[in-house]
Amino acid sequence: RGTDAFYLGPAKDHYRCYRFYVPSTRGYRISGAAKFLPEYCSIPEMMPFDKAVQVADELLAEMRTLNVNRKLYNKSRHLQALKQLEAIFTSTNKGQSP
C-alpha cells in the first residue's frame with residue numbers, strides 16, 4: 001500500500017516526476033511513481049440550473065458582440081426574450097431562488 005497524498009502538479013525540476021502534499025507528514029514529496037485513484041474522490045458537477053445560467057450568460061454575451069443593424073437588433077423578438085431571461089437569471093444569481 002502506498003502513502004495517501006494530494007497531487008499538486010508536475011515537478012518541473014525533475015524529469016517525469018510529480019509533486020504531492022502528504023497530510024500525515026504535513027510535508028511535500030516528489031515522486032516518479034504514482035497511482036491515481038479517482039474513485040475515492042467525487043468530481044463536482046454543475047447543477048442543471050447553474051448550467052442554464054452559464055449558457056444564458058454566454059448567449060447574451062455573444063448577442064452583444066454581433067455587428068448587426070441596430071434597428072433590427074432592438075426590435076428582435078428573440079432579443080427581447082433573451083433580455084427577459086437575463087433579468088430572471090441575474091435576479092436568481094443575486095440570492096433569490098428560481
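**Sheet**

I looked up the sheet first. It is open, has three strands in the order β1-β2-β3, and its pairing is antiparallel. I took strands (E, at least two residues) and helices (H or I, at least four) as DSSP runs, numbered from the N terminus. Two strands pair if DSSP finds at least two bridges between them. The model is predicted, so I note the limits: local features need pLDDT of at least 70, side-chain atom pairs count only at pLDDT 80 or more, and totals for chains, interfaces and linings use all residues. Residues are numbered from 1 along each chain as its sequence is written, and side-chain values use heavy atoms, with hydrogens and water left out.

I checked the edges next. They are β1 (6–10) and β3 (27–31), each pairing on one side only. Neighbouring strands of the sheet are turned by 30 degrees against each other on average, direction ignored. The axes here are lines fitted to C-alpha atoms, for helices over the stretch in contact, with angles from 0 to 180 degrees between N-to-C directions.

I then went to β2 (residues 18–22). Five bridges join β2 to β3, and the two run antiparallel. I looked up Phe20: its bridge partner in β3 is Arg29.

**Aromatic rings**

I applied a ring rule: rings of Phe, Tyr and Trp (its six-membered ring) pair if their centres lie within 6.5 Å; planes under 30 degrees apart count as stacked, over 60 as edge-to-face, the rest as tilted. The count comes to seven aromatic pairs. Tyr7 and Tyr18 are one edge-to-face pair, at 5.9 Å centre to centre and 65 degrees between the planes. This pair links distant parts of the chain, with Tyr7 in β1 and Tyr18 in β2, 11 residues apart.

Tyr18 also pairs edge-to-face with Phe36, at 5.6 Å centre to centre and 85 degrees between the planes. Tyr18 lies in β2 and Phe36 in the loop between β3 and α1 (48–65), so this pair ties together parts 18 residues apart in sequence. I logged one aromatic cluster of Tyr7, Tyr18, Phe20 and Phe36.

I read off exposure (buried is under 20% relative accessible area, exposed over 50%, partly exposed in between; 1.4 Å probe, protein chains only). Tyr7 is partly exposed at 43%. Tyr18 is partly exposed at 27%. Phe36 is partly exposed at 45%.

**Positive phi**

I searched the loops last. Arg16 sits between β1 and β2. Its phi is near 55 degrees, positive in a residue other than glycine. Arg16 is exposed at 66%. Arg26 lies in the loop between β2 and β3. Arg26 has a positive phi of about 55 degrees although it is not a glycine. At 71%, Arg26 is exposed.
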